[in-house]
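Dear colleague,

I am passing on to you the structure that we spoke about, and below it you will find notes on what turned up. Please read them with the model open beside you.

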Amino acid sequence: MIDHTHDPAAVCWVESAAGHADFPVQNLPLGIFSLAGGSAPRGGTAIGDAVLDLVAIAPLLEADVAAAVKTTAGGTLNALAAAGPDVLRRLRHGLFALLTDPAQRPKVANHLHDAAGCTLHLPFAIGDYTDFYTGIHHAENIGRIFRPDNPLLPNYKYVPIGYHGRASSVRVSGGEVRRPMGQTRPAGHEAPGFGPSRRLDYELEMAIWVGQGNELGQPVPIGEAGAHIAGLSLLNDWSARDVQAWEYQPLGPFLAKNFHTGVSPWVVTLDALAPFRRAQPPRPAGDPAPLPYLYDEADQASGAFDITMEVLLTTRAMREAGLSPHRLSIGSTLAMYWTPAQLVAHHASNGCNLAPGDLLGTGTLSGADPSSFGSLMEITASGTQPIALPTGETRTFLEDGDEVVMTAWAEAEGRVRVGFGSCAGVIAP
Ligand code: CA
């Protein structure tokens with residue numbers, strides 16, 4: 001629903017919000033922050049170069065919205081998101097009013113903190129994490145590498161493929177990602193060995209955060225599934241390709257992918273993304289229609305999102321030389337073969353209970369063109385075509401000291417751009 005909070009002419013009295021690449025007043029993403037000196041983590045919204053303390057300004061909001069906001073004093077957004085889309089929308093309206101009315105400034109300004117002085121935390125206590133596989137170009141590219149004769153298995157166009165990941169190793173953006181040890185069988189070797197992964201990779205994905213859950217045994221109809229989504233962030237599914245190749249059959253990803261998963265700290269709500277909804281791109285001729293439990297006309301008409309996603313790489317040598325990051329790819333979330341609502345409906349279709357703060361990864365979102373491939377596995381053709389960097393270095397997979405930064409933003413004619421911030425990590429031995 002597009003309303004006055006998306007008005008491109010809206011003016012926020014926080015000066016840094018005007019023209020901010022990520023956090024203008026039309027965005028108002030939700031997250032968990034703390035201040036230097038050890039204040040307790042609590043809910044905040046990013047506005048320009050500042051973070052607004054939501055618990056502190058809660059008394060200025062409607063009573064039921066204020067009660068939901070105060071739960072973030074516990075250090076997670078779970079209970080706020082569980083309050084549902086109506087409360088999230090009225091929170092957005094309330095924040096928008098406070099930040100665009102100069103008369104409110106004296107009551108609000110004291111609760112703004114310089115973002116540079118804030119520590120950002122995981123937005124949710126994540127009970128469960130599921131990673132899907134909705135990027136059909138990625139599925140074809142990876143399938144071709146692992147199974148040259150049979151890249152896309154016949155179930156792909158009927159059932160949203162996914163696996164249960166590990167919630168305990170999801171970390172907020174920033175800091176180190178330790179190179180995992182693992183069992184691998186290098187080409188030409190009869191027996192496997194154990195040691196540091198030599199084919200460490202990233203996967204460019206979006207995170208879909210569950211808001212309201214569903215009871216065990218109570219599926220979520222496709223027409224209601226979108227209302228169970230609180231918002232989106234960026235997700236990096238760090239992957240050890242050599243471990244993956246040896247361990248993945250017959251039960252799928254395991255230790256190759258559960259050593260660390262990164263997410264960006266700000267949850268961009270579906271309300272903020274309303275201007276960037278699109279029709280789900282038509283399936284190629286000959287592809288089957290979704291089965292009825294995954295098909296909803298409104299979802300097909302506006303259930304996809306046009307979000308641009310970019311991946312940047314810097315090596316230690318590049319940083320020491322003061323060089324700009326090397327862009328590895330730029331693409332769009334329109335590469336998803338299934339909509340976010342279809343993922344929720346499918347996940348709950350057997351009665352599986354989703355809970356507030358559950359994390360659904362979209363799967364790697366590669367476009368058709370190599371400039372939009374979302375992993376090194378694809379960009380370097382499984383390590384056979386190295387990338388040349390401005391220092392003269394080359395890369396097939398990630399080396400110690402390499403930093404991967406993912407960013408994302410949405411823009412459209414006549415609309416103010418909203419951004420996701422970044423999801424970053426540096427490889428450590
Ligand atoms: Ca993945």
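Before the sheet is described, two terms are needed: strands are DSSP runs of E with at least two residues and helices are runs of H or I with at least four residues, both numbered from the N terminus, and two strands pair if DSSP finds at least two bridges between them. Please keep in mind that this is a predicted model, in which local features need pLDDT of at least 70 and side-chain atom pairs count only at pLDDT 80 or more, while totals for chains, interfaces and linings use all residues. Residues are numbered from 1 along each chain as its sequence is written, and side-chain values use heavy atoms, with hydrogens and water left out.

One open sheet has 5 strands in the order 4-3-2-1-5, with antiparallel pairing. Strand 4 (112-114) and strand 5 (118-121) stand at its edges, and because each has a single partner strand, one side of each is left without a neighbour in the sheet. From one strand to the next, the twist averages 50 degrees, where axes are lines fitted to C-alpha atoms (for helices over the stretch in contact) and angles run from 0 to 180 degrees between N-to-C directions. Strand 1 (residues 30-35) pairs with strand 5 in the antiparallel sense over 4 bridges, and L35 stands opposite C118 in strand 5.

The calcium ion has as its protein donors D131 (OD), E203 (OE), E205 (OE) and D237 (OD), which lie 2.2 to 2.4 Å from it. Donors here are N, O and S atoms within 2.8 Å of the metal (3.2 Å for Na, K and Ca), and since water is not among the atoms, sites may look incomplete. Along the chain the donors of the calcium ion follow the spacing D-x71-E-x1-E-x31-D. Of these donors, E203 is buried with a relative accessible area of 5%, and E205 is buried with 0%; buried means under 20% relative accessible area, exposed over 50%, and partly exposed in between (1.4 Å probe, protein chains only).

The largest nonpolar core, meaning a set of buried Ala, Val, Leu, Ile, Met, Phe, Trp, Tyr and Cys residues joined through side-chain atoms within 4.5 Å, has 59 residues, and those with the most contacts inside it include Y202 and L398. Its largest share, 5 residues, comes from helix 11 (residues 340-348). Apart from this core lies another, of 43 residues, among them I32, A207, W209 and V267.

With best wishes
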